[in-house]
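Trainee: I'd like a close look at one part of this model. Could you put it up so we can start there?

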Amino acid sequence: MLERYERSGPPPHEALKRLMTMRELLGITRIADITGLDVLDIPVVQAVRPFSLLNSVSQGKGPTRIEAAVSAILETAESYFAERLAHYDPIAASADSLNIPPERFEAHLQPGVDPGWRSSEIAWIHAENILKGGLRDWVPFELVHTAYVFPPRPQEEIFASSTSGLAASFEETDSILHGIMECIERDALTRAERIHGFFQRRRIDPRTIDDPTVASLLESLEAKGLLVGLWHAPSPLGLPVIWCHLMEDRPPETAILHHPAEGSAAGFDAASAIAHAIYEAAQSRLTAISGARDDLTRAFYPKYPDWQKIAAHRRLLSDGPRDIHLHAITGQKCTSVGDRMSALLAQIEGAGIDTVYRIQLDTRPLGDLSVVRIVIPALMPLLHG
């Protein structure tokens, strides 16, 4: 893949070597290459952490197996450090007593939450607003940690907990950038779901894709019997966000996976976002095919699939409208991590957003890693998953 699709940090071989020395402390008991379970030949690796308080199985993908393994271990590290409750220093207070603006976290409330939650004591944690020179403020602890236990901790289940904005890297700037881009991506998907007829109106015409790397990737998928749908999801920041569906174009009796697999990504240019979204969708396929993820229960694999619905989605991917020209999707050309960060923060402020919270997680004794949680109150979470 082209260099612009890669994240910064040490070269993949060095990154994997360093991460492998950390696997015991992270609780990883198995790292598995599951690429061969599918026909796509897009590398996907799983890392297994049995005592996780989130998912025991994390996935990673990339243009090579080494990069996929790095991705899987970093995703495991994110949840490992985010669930260590003893390493946080939260306080108990009400939103009213902390003078939290009424609209600050409204977009992140779970549906049906009692409007009187603002007067109840809940856990809060300090965060730095990187748009205001690191000015410290309070963020609901529920939006930061990943210690998902049953029954829930007292005064939780108020906010939409997720892993959005959680990112790990060997470089702090890179982890912050990755966390911000994930928040942008998921906000755009939520907005897309609220657009009537989105899948009929916002699909990219593949004939307008002239990036050689992406064109080659699409040709490879077509040769392997895959239908590809690419949609442009709206973002108030103007950055390209792509939603991808992959589905086999073959009879049900010979298909490896019947239903479409989804992937999405935000990028500084449309080609980058498309490539990442396709890789994410390939990872989703292998997640379902492998059956190893603990959040994909038996209900995900119905004994009697809805064949009419499956056929209708196949028709959408094969014959549906394609109205968006790739060149109509604007983006930015930034060469370095520093350039990307400066451009991104300027774009966020230009959209009228004045709050981007960073919570730096304690990664001791693995000081080589930077793990952050980014919370952007003005951007909506992805409530369906």
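Trainee: How many of the 21 residues of α7 are buried? Take me through that helix, then carry on to whatever else you find worth a look.

Mentor: Quick housekeeping: this is a predicted model, where local features need pLDDT of at least 70 and side-chain atom pairs count only at pLDDT 80 or more, while totals for chains, interfaces and linings use all residues. Residues are numbered from 1 along each chain as its sequence is written, and side-chain values use heavy atoms, with hydrogens and water left out.

Now α7 (helices are DSSP runs of H or I with at least four residues, strands are E runs of at least two, both numbered from the N terminus). Of its 21 residues, 16 are buried, so the helix is mostly covered (buried means under 20% relative accessible area, exposed over 50%, with a 1.4 Å probe and protein chains only). Its length checks out too: at 1.5 Å a residue, residues 270-290 should span 30 Å, and the end C-alpha atoms are indeed 30 Å apart (the expected span is 1.5 Å times one less than the number of residues). At the N-terminal end, Asp269 acts as the cap, with a side-chain oxygen 3.2 Å from the backbone nitrogen of Ala271 (a polar contact is an N or O pair within 3.5 Å, one able to donate a hydrogen and the other to accept it; neighbours in sequence count only if both atoms are side-chain atoms). After α7 comes Gly291, with a positive phi near 70 degrees.

Compare that with α6. Its twelve residues should span 16 Å at 1.5 Å a residue, and the end C-alpha atoms agree, at 16 Å apart. Here the buried residues are Val214, Leu217, Leu218 and Leu221. They cover an arc of only 95 degrees around the axis, which puts them on the same side of α6 (the arc uses directions from the helix axis to the C-beta atoms). Turned away from that buried side is a face with the exposed residues Pro212, Glu219 and Ala223.

Leu218 leads us on to the second largest pocket: among its 18 lining residues, Leu218 lies nearest the centre together with Pro206, Glu222, Leu226 and Val228. Elements giving two or more residues to that lining are α6 (212-223), β8 (226-233) and α8 (307-319), and β8 supplies the largest share, five residues. The pocket's volume is about 330 Å³, and its lining splits into ten nonpolar, three polar and five charged residues (Ala, Val, Leu, Ile, Met, Phe, Trp, Tyr, Cys and Pro are nonpolar, Asp, Glu, Lys and Arg charged, the others polar, Gly among them).

There are closed spaces as well: three cavities of 30 Å³ or more. (On a 1 Å grid over the protein atoms alone, a 1.4 Å probe fits in a cavity but cannot get out; a pocket is open, with protein on both sides within 12 Å along at least five of seven lines; lining residues have an atom within 4 Å of a point. Points join across faces, edges and corners, and volume is the space filled by probe spheres set on them.) The largest is about 150 Å³. Of its 15 lining residues, His108, Ser162, Ser164, Cys183 and Pro381 lie nearest the centre. Two elements, α4 (172-193) and β12 (370-375), give it two or more residues, with β12's three the largest share.
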